[in-house]
Amino acid sequence: MRRSSSRLPIPFVAAIVSLAVSLMTASVGFSQIQVVNIVPAWRSNETGIDSEPNLAVDPANPLRMAASAFTFDSMSDSNAPIYVSTDGGATWTLNSILPGESPDFATHDVTLRFGGTSGILYVGILRGDAAFRLNILRAADFTAGTPMTLLVSRDHVDQPYVAAATVMGGPSAGTDRVYIGNNNGIGGVGTTPMATIDRSLDAAATPAPGGFTPLLLETRPSLEGDGPAIRPAIHPDGTVYGIFYRVTDVSGLSPSETVAAADVVVVRSDEWAAEATPFAALTDPSDGLAGRLVATGLTVPAFGPVLGQNRLTASNLSIAVDPQTSDRVWIAWADRVGMTGYTLHVRRSEHRGVDWSPDDLLTIDHATNPALAVSSRGKVGFLYQQLTGPAGSQRWQTHFRRSVDGTSWTDDVLADTPADTPAAENEMDVGDYLHLQAVGKDFYGIFSANNAPVLANFPSGVTYQRNADWTTGTLLPDSGPGAVDVSIDPFFFKVIDTAPDQDFYVRDWTDGTGADAGLEPSTHPYFFTTSDVWNQLSDTVPTFNADDQPVASNVRNGVGALGDNFAFARVHRKGAGSAADVSLHFLYANFGVGLNYQDAGTAVDPTLTFPAASTQQTLSAGYPWHLDPTTSEHLCLGVEITAPNDPFVLPSLWGSSPGWPYTDLRVINDNNKAQRNIQILPTASALTGSGTSAAVSGYAIVHNAATFPRTVVVRYEAAPEVVKKLGGARVEVVGQRARPFRSGDTIRLEGMQPGENRWLRITFEAPSGRQGEILPVYFREMVGNAAVNGFALVALPSRLEDVLRHNLEMHRAVFTRMAALTGNETAAGESRAATALLERGEISEQSYRDFLREHGRPLADGLDSARKHTGWKASFYDRRQARRLGRMRNVSRAAAAHTAALNELDALLTVRQLAAGDPADILQNVRWQRDLYHRMGPVPGAEVVLRKSEEFISGYTRRDLGNADYSGFVRGLLGSYRETALALRSPELGTAVAGMEQRNAGSLAALQKAHRSFLLVLQGLPGAHPILP
Amino acid sequence: MECILRGLLLAWLLLAGWTHLYAGAAPPLDLRQEVRKSKLVFRGTVRQLGAAAMPGVPVSASTAVVTVDEVISAPAAISDLTGKDVTVALRQPGSARPGQQIVFFTVGWIYGKGLAVREVDRLEGRQTTADLRAALAEAARRNEEEDLAERIARAELVVVGRIIRIAKVPREEHRPLLSEHDPDLHRAFLQVEVVLKGKAPAGEPVSFLFANSRDVAWSRSPKPKVGQQGVWLLLRNEVPGLTIQDLTVFNPRDVQPLERAAMVRRLTS
């Protein structure tokens, strides 16, 4: 699905940014900075100009890093080195694993990136033994010291710059996507260098050439070509941006002037650059061609002028996309303002590059080497080097600045070093570029500077590995007496944005191999099945299984204590330190995808107290929450945690669903949030003795949580061995034809209206697995390339006795619910009968058979009754089969049929319940209303509706307002609604307003339904209909 | 006596142009190949197998901690390693035993607090350090001569001469590349004094292109100066990625000091 900025109303973004700023300002100033000279001790004799550094931090394990610079290896026959750290940058070694070094010419232009979760290192280089020969390299283990695998070798290429990510969901889940910006065609016969990105859609697994294909970014005719810097930036949802200088005139490139005229161009792909015409998603209004001209007519010094001792080469571009939303993208470029100097400019787009902040958000004079990165919290980091001081005593100041809004910036000076020494004969004392990377909340970067061991030169502190005498400010050789001349070295730095002892998280996953270490984004594609939030039916001390996963219970509804549940969570932090309190807020939603969360319980949020030495705390007393008899037991549980310096990222899950109101990856990206969305279906395994099986069904809701009609795409998958064991599994949208379950298939639910629910049913034969074997089937809502939400249906082969007990408990719960919803006395009797049998203790096969014989008919009646209210047709489990339940000789088969019938009845009750309105959708209604009125423009009533809607959304998001304020909110807008209906001459709209008025005094659900009816009518009117993305 | 005999043998071998050394039953080492392949040659005593002398080295059955007894040949930038422990990645696991003294021919592998090297080859005989150094130096000299001869063979023109003028190549003649790695082509004009190979126009200076750029890609490429005298090897461009057809001086070997004129003449013939 292609995204459009029309989906993201500007006021909403502004509100989110504003709220984020208000919450994060308190922590913007914190930083724990580590600066490390990465030249190893054994190389203490070296005096090279080790400039133009680059850095890769493994997002899946930030302890692992690789770096590069103009560092050469006189001890190698034909390889050039990279720097390697496996302890988070504290210590470094130098491994010669890059090909192409020759005694006469050095390998150069080395940039490196890791795959998102694969741990594979990808490197682009220009070989030393040929001019402009690109090599693309891959290493599964970059620490082994063995030469990297050559994937691509191509001539006439300049300045490869690597970006990489791992696909987290969808058909390509787990593949590494690698994008290497480069200027292709340089020096070729009759060719002009053109901005290009070499793209691979599966770089980890594809043999050489690794699936790489050069994709041309430049779409405009050009005699001069493009500048050497082409920088890519990737968002996990499949959006890929690129930025480059389009050189329009080189007449100034004479020996005396050496400037070019250039435009800054931004391109975008919405599909991992896998479209038929990649990077064409962003066009310029001036000519309709792909590539937005963000700044035009710039004067760019190139290939001659210097800043200090460093040449200026039109290489100073950077681009970074916000992990929270691919709509927000930051860029920086350099040009000459006036006749001399060099100026950096920072700008931002909130709308996928379509439009940009009209003025600079930051302007830095006499500076070079801009590098941008955005943290998981939306905080932008900006690294650059500024020349200060008068000629003869100039200094390079390396600045790292951060901002949450682009207006207020912190400023940490990492280095303040002499710019006049040592003499940089190659005019490269800091290099043409450097690099900054965000991993989670933290920033990692690298720069080059004068390496004199003088503490005052490093205001944020520094550690050296090479030998140095800090008292005399002298570099020392690797052994023996003497001194080593000052030179240029690469310096790694890490900025911990949240102190480890204040950085709390709830694990998204735990398995036998390890657990979530609080990484953002989470590295596990199934973040909703083994997370550290769970339910228990009793307030007992939690226990954990052999894989360190919490032992959870399904929720239970009922009257009084029977419906009491207890929510638990285990919280970790990244390091011990000071004592701290963390508050936890629990929420729940119906089972499926796109369902909006509501608060679980009304008790005060629990607090976990961390003693100073503790890094893990678990709620010892559960948070009590009650499920009244009308509520289904198929639910999703979520938690959001807040610590004084580590709040969860707004917006909350409250009133919304992960993935919406815009395509966020809310739970994956924020380690302060976790959800458990899993339904376990105990089934009598074949090992219980009967050997026969029967069909079992599970149900889930698909809810359109967006504020516009759309096609909802759900992808489902299961491991091959699971599919095999779930014999004859099939999946269907209820009301449509069932299809065989094939892992990796998708279901498209066309034309879903905002707030609409549809149902999925998966049916399978009771599996043949061993008892206790978990057989999960995963469903995930796909928005474009991103899996924004999901759930798991898990078949659990179990002892027959456990299945019988589970069914009786469910019989009780479903009929309790039916009785509460309908007042049906027969249903109440069914609930009582199941309770009575459960209370007898052990459930024998005979007693269960007797129960079914007696209660099969009421179950069939209940299904018939419920179907009448919903329009669902009789499923495979029909009235005749229900009546035969008790006569089935095979108890396993009877139990499976009983499970299927109860699940269907529960789903039918939910359908009926939601058809009457859903308070969980109140905030969605208001957002939808805001967006509709925003699209309609200045119709009567709109101004008030828009203002009040924004206030409600803002207040709701801050928790100043809640569902209790909804009735008053709607009542306050009735007049405006009427104005709108009158102006639009829509009797249907007038009727809908009357419906709201009528139900305003009723239940919240009824009011929500009436409000939604109004919005549906409004949406169908001319002017309000959205432009479908 | 044994020492004298071995010295005489070595001298005879060198005079005869032999640069192979025998290591017991192993095939003879081609020292000229070893010099090309290895960067650090040392005699060391194996201390521990399956271990490393510094952190950051992936330990395996092939890694060994070796004490450097004597450095035989090393790059100039390296301090004396004598007496230090280094990690050696052996070519074959189990090919050494603790206490064994071996002459290792190695290349760099990992540099951290200490040094880890990869074994390229070895000698297990009793050659003296002086013998080895002499043999290696001779092998290196022969390699250098061979490389120069190979360069001369490819040159279109080899002359002794002096640079009389240098000019930036005008844009009309060669459009500069939009790259920081543009070679910044300059043309040098040579007053030819002696032609060693090829034909130079009589009485006219000969010109060639060179990379005046100090960029990392060209920093080791010769930068002639006006008045510079030397032996010049002029080749039609051979650098992949550059499409010029002129005579060029890009390789450091393409400029030789005057005192090598006789050697170049010999190699030319």
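**Exercise 1. A pair of helices in chain A**

In which crossing, left-handed or right-handed, does α11(A) pass α13(A)? Describe how the two helices of this predicted model lie against each other, and name residues where they meet.

*Solution.* Begin with the geometry: helix α11 (residues 966-983) of chain A and helix α13 (residues 1004-1019) of chain A pack with their axes 11 Å apart and at an angle of about 30°. Because angles under 35 degrees count as roughly parallel, α11(A) is roughly parallel to α13(A). The next step is the handedness, and here α11(A) passes α13(A) in a left-handed crossing. Now look at the residues: on the side of α11(A) they are Y966(A), S967(A), V970(A) and Y977(A), and these meet L1004(A), L1007(A), H1011(A) and F1014(A) of α13(A). Sorted by class, the residues of this contact are six nonpolar and two polar, with no charged residue.

**Exercise 2. A second pair of helices**

Carry out the steps of the first exercise for α6(A) and α8(A), and state how many residues of their contact are nonpolar, polar and charged.

*Solution.* Helix α6 (residues 845-870) of chain A packs with helix α8 (residues 891-915) of chain A at an angle of about 30°, and their axes are 9 Å apart. It follows that α6(A) and α8(A) are roughly parallel to each other, while their crossing is left-handed. Among the residues that α6(A) brings to the contact are Y848(A), L852(A), L859(A) and L863(A), and among those of α8(A) are V891(A), A894(A), L905(A) and L908(A). When the contact is divided by class, 12 residues are nonpolar, four are polar and five are charged.

**Exercise 3. One glycine and its surroundings**

Decide whether G431(A) counts as buried or exposed, and find the residues that G431(A) touches.

*Solution.* First locate the residue: G431(A) is found in the loop of chain A between β26 (410-418) and β27 (435-439). Then count the neighbours: G431(A) has 29 C-beta neighbours inside 10 Å and therefore counts as buried, since a residue is buried if 20 or more other C-beta atoms lie within that distance. If residues up to four places away in sequence are not counted, G431(A) touches S51(A), E52(A), P53(A) and S448(A). To place the glycine within chain A, take A819(A) as a second point: from C-alpha to C-alpha the two are 75 Å apart in space, and they are 388 residues apart in sequence.

**Exercise 4. Nonpolar cores**

Describe the largest nonpolar core, and state which strand gives the most to it.

*Solution.* The largest nonpolar core has 216 residues, and A66(A), L121(A), V123(A), L372(A), F491(A) and A116(B) are those with the most contacts inside it. Strand β6 (residues 101-111) of chain B gives the most to this core, namely eight residues. Another core lies apart from this one, with 129 residues, including L635(A) and A766(A). Returning to L121(A), its contacts beyond four places in sequence are A56(A), A66(A), L112(A), F114(A), A139(A) and F142(A).

**Exercise 5. Chain B and its partner**

Summarise chain B, and then describe where chain A touches it.

*Solution.* Chain B has four helices and 13 strands, and 38% of its 269 residues count as buried. For the meeting of the chains, 55 residues of chain A are in contact with 38 residues of chain B. On the side of chain A that touches chain B, β5(A) supplies the largest share, four residues. That side has 22 nonpolar, 20 polar and 13 charged residues.

Methods. Residues are numbered from 1 along each chain as its sequence is written. Chains are lettered from A and ligands numbered from 1 in the order in which they are written. This is a predicted model: local features need pLDDT of at least 70, side-chain atom pairs count only at pLDDT 80 or more; totals for chains, interfaces and linings use all residues. A nonpolar core is a set of buried Ala, Val, Leu, Ile, Met, Phe, Trp, Tyr and Cys residues joined through C-beta atoms within 7 Å. A residue is buried if 20 or more other C-beta atoms lie within 10 Å of its own, exposed if 12 or fewer, and partly exposed in between; C-beta atoms are placed from the backbone. Two residues are in contact if their C-beta atoms, placed from the backbone, lie within 7 Å. Axes are lines fitted to C-alpha atoms, for helices over the stretch in contact, and angles run from 0 to 180 degrees between N-to-C directions. Angles under 35 degrees count as roughly parallel, over 145 as roughly antiparallel, 65 to 115 as roughly perpendicular and the rest as oblique. A crossing is left-handed if the near helix is turned anticlockwise from the far one by less than a right angle, and right-handed if clockwise. Ala, Val, Leu, Ile, Met, Phe, Trp, Tyr, Cys and Pro count as nonpolar, Asp, Glu, Lys and Arg as charged, and the others, Gly among them, as polar.
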